[in-house]
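Hi,

Here is the structure I promised to pass on. Have a look at it first, and then read my notes below.

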Amino acid sequence: MGEIKNLHKVNKSEIRQATGVLADAFKEDPLFKILFGDAVKNSHKYTLVAKFMIRYCYKYGDVYASSEKFEGIMAITQDEYSYMSLWRMIRSGSVFPFLSIGFITFMKVASALSPMDEARKKHMKNKSFAYLQIIGVASENQGKGHGGNYLMNS
């Protein structure tokens with residue numbers, strides 16, 4: 001996958017910062033609230049999910065911030081790496097934060113994402129593609145065009 005210009009490619013030492021931004025970005029998201037509950041009460045679950053996504057995409061794709069100021073985060077994978085196998089989750093270290101969210105929450109997430117995986121497998125079979133795993137803008141920067149900047153520059 002080629003590097004996207006005009007965005008800051010997150011390096012290994014910045015993964016923790018990227019995780020914090022992504023967790024914050026979803027604290028008012030309706031789906032996240034259904035899956036993980038209240039963001040204040042369950043902030044650790046929001047952080048674990050963000051850590052899972054960042055670690056997986058860092059190993060098997062790319063993670064970008066809107067700038068060196070980390071207003072938002074975008075994580076993408078390509079082709080077969082868009083499918084998160086157990087082996088890939090173990091190799092990337094993302095399995096540990098994911099399992100830490102608890103079995104019931106794990107099952108909720110799996111059932112919510114399964115239809116998207118099946119549709120992607122059906123429609124993208126034998127095609128090369130990039131897959132936007134997650135995109136989020138820190139709450140204090142939402143509504144300022146950072147999400148649109150990602151989409152325009154990728």
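A word on burial before anything else: I call a residue buried when its relative accessible area is under 20%, exposed when it is over 50%, and partly exposed in between, using a 1.4 Å probe and protein chains only. By that yardstick Asn 141 is buried, with a relative accessible area of 14%.

Please keep in mind that this is a predicted model, in which local features need pLDDT of at least 70 and side-chain atom pairs count only at pLDDT 80 or more, while totals for chains, interfaces and linings use all residues. Residues are numbered from 1 along each chain as its sequence is written, and side-chain values use heavy atoms, with hydrogens and water left out.

The overall picture

The chain has seven helices and four strands; helices (H or I, at least four residues) and strands (E, at least two) are DSSP runs, numbered from the N terminus. Read from the N terminus, the order of elements is β-α-α-α-β-β-α-α-α-β-α. The radius of gyration is 15 Å, close to the 15 Å that the globule rule gives for 154 residues, so the chain is as compact as a globular protein of that length. That radius is taken over C-alpha atoms, and the rule is 2.2 Å times the number of residues to the power 0.38. The C-alpha trace spans about 40 × 40 × 25 Å along its principal axes.

Of the 154 residues, 44% are buried. Among contacts with a separation of 6 or more, 74% join residues 24 or more positions apart; contact here means heavy atoms within 4.5 Å.

Helix H1 and its surroundings

Which residues of H1 are buried? They are Ile 15, Ala 18, Thr 19, Val 21, Leu 22, Ala 23, Asp 24 and Ala 25. With eight of its eleven residues buried, H1 is mostly covered, and the cover over those buried residues includes H3, S3 and S4.

H1 (residues 15-25) packs on H3 (residues 43-60) at an angle of about 130 degrees, and their axes are 8 Å apart. That makes H1 oblique to H3. For the wording, angles under 35 degrees count as roughly parallel, over 145 as roughly antiparallel, 65 to 115 as roughly perpendicular and the rest as oblique. The axes are lines fitted to C-alpha atoms, for helices over the stretch in contact, and angles run from 0 to 180 degrees between N-to-C directions.

On the H1 side of this packing, Ile 15, Ala 18, Thr 19, Leu 22 and Ala 23 meet Tyr 46, Thr 47, Ala 50, Lys 51, Met 53, Ile 54 and Tyr 58 of H3. The residues of this contact divide into nine nonpolar, two polar and one charged. In that count Ala, Val, Leu, Ile, Met, Phe, Trp, Tyr, Cys and Pro are nonpolar, Asp, Glu, Lys and Arg are charged, and the others, Gly among them, are polar.

Ala 18 deserves its own entry: this H1 residue has a relative accessible area of 0%. Leaving aside neighbours within four places in sequence, Ala 18 contacts Val 10, Ile 54, Phe 70 and Ile 73. Ala 18 and Ala 65 are 47 residues apart in sequence, yet 7.5 Å apart in space, C-alpha to C-alpha.

Strand S4 and what follows

Gln 133 sits in strand S4 and is buried, at 17% relative accessible area. Not counting residues up to four places away in sequence, Gln 133 touches Met 53, Cys 57, Ala 75, Ile 76, Thr 77, Tyr 81, Ser 82 and Met 84.

The loop between S4 and helix H7 (146-153) holds Asn 141, which contacts Glu 71 and His 146 when neighbours within four places in sequence are left aside. Lys 144 lies in the loop between S4 and H7 too, but Lys 144 is exposed, at 55%. In H7 itself you will find Gly 148, which is partly exposed, at 37%. The C-alpha atoms of Gly 148 and Ser 66 are separated by 9.9 Å, with their positions 82 residues apart along the chain.

Two backbone angles

Most residues other than glycine have a negative phi. Asp 79 has a positive phi of about 50 degrees, in the loop between strand S3 (72-78) and helix H4 (86-92). Asn 126 has a positive phi of about 65 degrees; Asn 126 is in the loop between helix H6 (103-123) and strand S4 (130-137), and is exposed, with a relative accessible area of 76%.

Happy browsing!
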